[in-house]
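Thanks, everyone, for making the time this morning. I would like to walk you through one structure, starting with its sheets and ending with its cysteines, so please have the viewer open as I talk.

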Amino acid sequence: MSTTHIQPLPNVRGRMSYTELGEGKKRTRNIREGTNRIAAQMGDMGTREDFIRFCSAMRRQSQGTRLNEGYELRVSWSPEELSKDSPEDIQRACEYGYLLCKEVAPNAPCWVTVHTDGEGGCVHVHATIANHDLVSGTAIAHGTDHATVKRKNDRLSREMGFTVVGPEPAKERTTWAERKEQFGIESFERLLGNRVEDARNHASNMEEFLEELKIRDVELTETRKVDKKTGEETVGWSYKSHDLYGKSKRKRRRRASNLADDLTREGIEAYFEEKQREFEAQEQDAPAPEVLPDVPETAEPEEQPSTDSALDVYDLDQSDVSEMASDLQKAHIHRSREEGKPFMDERYERLVEAQNHPDEQLAKLREDVDAARREFHASKEARDTLQHPCPGLLAGMYVFAKAGCNAKDPVSRMMADMTAMMLRMMIQQVLAEERRRQREEAERRVYESRKNMWDAEKRLKAAEKALSSEDEREEHLKLKRAQRRAKEAEQRVGVRTPRSADKDTQFGE
């Protein structure tokens with residue numbers, strides 16, 4: 001485990017002299033023998049003297065507005081964690097001190113000195129940070145207090161594999177934008193989280209959010225629990241929807257907290273509160289609205305994409321198409337006769353053509369479905385390739401940084417490290433922005449191609465439904481005709497019966 005301390009330095013030269021030669025008899029002996037107490041060192045200047053002059057010049061340039069030339073970070077490790085007799089541990093401490101300086105002041109030059117001659121025999125680092133931000137051109141504004149340094153040291157220690165004193169830090173709140181990459185493209189969690197996020201982004205309050213969930217085939221369930229000891233009530237949310245990629249396409253459920261913190265009840269409410277504050281701020285800053293003449297609205301609202309998840313994949317053969325065309329012909333003839341119209345029209349000719357050549361109609365239907373499916377899978381595969389960063393450039397930066405760590409003199413290693421870090425940050429930013437843009441475009445293409453595929457399958461389903469409806473209608477017409485004929489027959493029988501009765505009575509019987 002490591003301990004830290006930070007202090008301001010009005011005079012960097014005096015402190016750097018102490019970290020190089022020591023004080024008292026130790027300093028006198030080192031000067032006499034031409035030695036020093038430096039076990040390892042690295043920094044952002046060519047030499048220690050260059051760094052000292054830079055700190056002094058930046059303070060003089062400020063014309064008395066800066067009280068300090070720099071700050072010193074002291075980091076110490078226990079002998080059980082880093083050994084003073086191990087060159088690898090000493091180099092590791094030096095690199096850690098440099099990284100900690102960049103955590104505290106990323107844009108300020110620094111110089112790191114490692115000592116192993118302390119009274120306790122502990123490996124410790126004196127890291128001096130210049131009080132000058134190279135980006136803004138001003139003094140270091142914040143981040144030099146002990147609490148901030150300790151927090152950053154604890155986080156970096158965990159990342160570098162060192163032990164940390166005290167409890168683990170509080171869990172950071174997660175967002176769906178970060179968590180969605182942890183799930184597969186066709187996973188139920190990815191599908192459900194995207195639907196909930198899309199519903200939230202298209203709503204401005206809780207009522208609209210619930211309506212948007214219904215449109216996207218998502219059910220919201222609220223669970224309340226009361227602690228018997230404290231009486232505190234907690235409310236939890238869970239979402240339920242159809243699993244489009246599952247075998248049975250059944251409905252499945254996931255707790256909101258298992259997706260992301262910003263999709264829970266607290267996260268959704270905080271999102272709408274923030275959105276309301278932004279809206280109020282925009283209204284206050286917006287200029288007075290211009291008075292325009294009343295114009296009737298003619299634009300129709302956009303159609304929401306279908307979220308029907310119960311679609312099945314149909315595979316027809318030639319006999320199905322031929323029977324379908326024959327049944328549709330009969331239905332067309334019956335309907336035309338009822339309406340008093342001739343049935344020999346363009347539609348009847350198309351049905352005859354479909355019945356005579358079912359293979360052509362079947363090929364056309366299958367071609368439409370296959371084309372829609374190919375478009376969907378191609379766009380999905382293109383989006384899958386965007387889930388991982390380009391390995392070539394980042395791998396090259398890693399090799400570059402590794403080579404810098406293996407450099408023999410500190411100056412070459414420092415320059416290689418700085419160049420590799422800057423190039424890596426620039427490339428990561430460019431790649432991240434490009435991946436985000438391409439991923440959004442790929443997701444849009446996936447949704448569009450999926451809708452086309454579903455529409456093609458719907459057409460097949462609609463044809464089968466039409467056949468079923470026509471069969472029912474034809475049975476109903478047959479039943480009505482039979483009832484009408486029976487009624488006419490009864491009427492004819494009723495007319496003959498009185499005539500035979502008159503014939504019997506005319507002979508006085």
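Before I point at any residue, one term has to be fixed, since I will speak of bridge partners: two strands are taken to pair if DSSP finds at least two bridges between them. Please also keep in mind throughout that what you are looking at is a predicted model.

With that term in hand, let me begin with the sheet whose strands run in the order S6-S7-S8, an open sheet of 3 strands with antiparallel pairing. Its edge strands are S6 and S8, each of which pairs on one side only, and the twist from one strand to the next averages 25°. Strand S7, residues 233-242, is joined to S8 by 5 bridges, and the two run antiparallel; if you want one position to click on, take Tyr239, whose bridge partner in S8 is Arg254. Packed on this sheet is helix H7, residues 188-201, which touches S6, S7 and S8, and whose direction makes about 110° with that of S7.

There is also a salt bridge to look at here, between Glu219 and Lys251, with the closest N and O atoms 2.3 Å apart. This pair links distant parts of the chain, as Glu219 lies in strand S6 (residues 218-226) and Lys251 in strand S8 (residues 251-255), 32 residues apart. As for how accessible the two partners are, Glu219 counts as partly exposed at 35% relative accessibility, and Lys251 likewise counts as partly exposed, at 30%.

Let me step back for a moment to the whole protein, which has 15 helices and 8 strands. Of its 509 residues, 34% count as buried, and among contacts between residues at least 6 apart in sequence, 67% join residues at least 24 apart.

Now to the other sheet I want to show, in which 5 strands form an open arrangement in the order S1-S3-S5-S4-S2, again with antiparallel pairing. Its edges are strand S1 (2-9) and strand S2 (40-43), each pairing on one side only, and here the twist averages 15° from one strand to the next. S2 pairs with strand S4, residues 110-115, in the antiparallel sense over 4 bridges, and within that pairing Met42 stands opposite Val112 in S4.

Two helices that pack on this sheet deserve a look. Helix H4, residues 87-104, touches S1, S2, strand S3 (70-77), S4 and strand S5 (124-130), and its direction makes about 150° with that of S4. Helix H5, residues 146-160, touches S1 and S3, and its direction makes about 140° with that of S1. Returning to H4, its 18 residues reach 26 Å from the first C-alpha to the last, close to the 26 Å expected at 1.5 Å a residue. Several residues of H4 are buried, including Ile90, Tyr96, Leu100 and Cys101.

That brings me to the cysteines: how many disulfides does a search of the whole structure find? The search finds 0. Cys101 is in no disulfide, and the nearest cysteine sulfur, that of Cys110, is 4.1 Å away; since a disulfide requires the two sulfur atoms to be within 2.5 Å, this pair is not counted as one. Both residues are nonetheless buried, Cys101 with a relative accessible area of 1% and Cys110 with one of 0%.

To finish, a few more salt bridges, of which the count comes to 23. Why would such pairs be found at all? Side chains of opposite charge can pair when their charged atoms come close. Arg74 forms one with Glu72, with the closest N and O atoms 3.3 Å apart, and in this pair Arg74 is partly exposed, with a relative accessible area of 26%, whereas Glu72 is buried, at 0%. Glu269 and Arg265 meet in another, at 3.1 Å from N to O; being 4 residues apart in helix H10 (residues 265-285), they are separated by about one helical turn. Glu269 is partly exposed, with a relative accessible area of 30%, and Arg265 is partly exposed as well, with 24%. Lastly, Arg13, Glu49 and Arg53 are linked in a network of salt bridges, and with that I will gladly take your comments.

Key. Residues are numbered from 1 along each chain as its sequence is written. This is a predicted model: local features need pLDDT of at least 70, side-chain atom pairs count only at pLDDT 80 or more; totals for chains, interfaces and linings use all residues. Side-chain values use heavy atoms; hydrogens and water are left out. Buried means under 20% relative accessible area, exposed over 50%, partly exposed in between (1.4 Å probe, protein chains only). Axes are lines fitted to C-alpha atoms, for helices over the stretch in contact, and angles run from 0 to 180 degrees between N-to-C directions. Contact means heavy atoms within 4.5 Å. A salt bridge is a side-chain nitrogen of Lys or Arg within 4 Å of a carboxyl oxygen of Asp or Glu. The expected span of a helix is 1.5 Å times one less than its number of residues.
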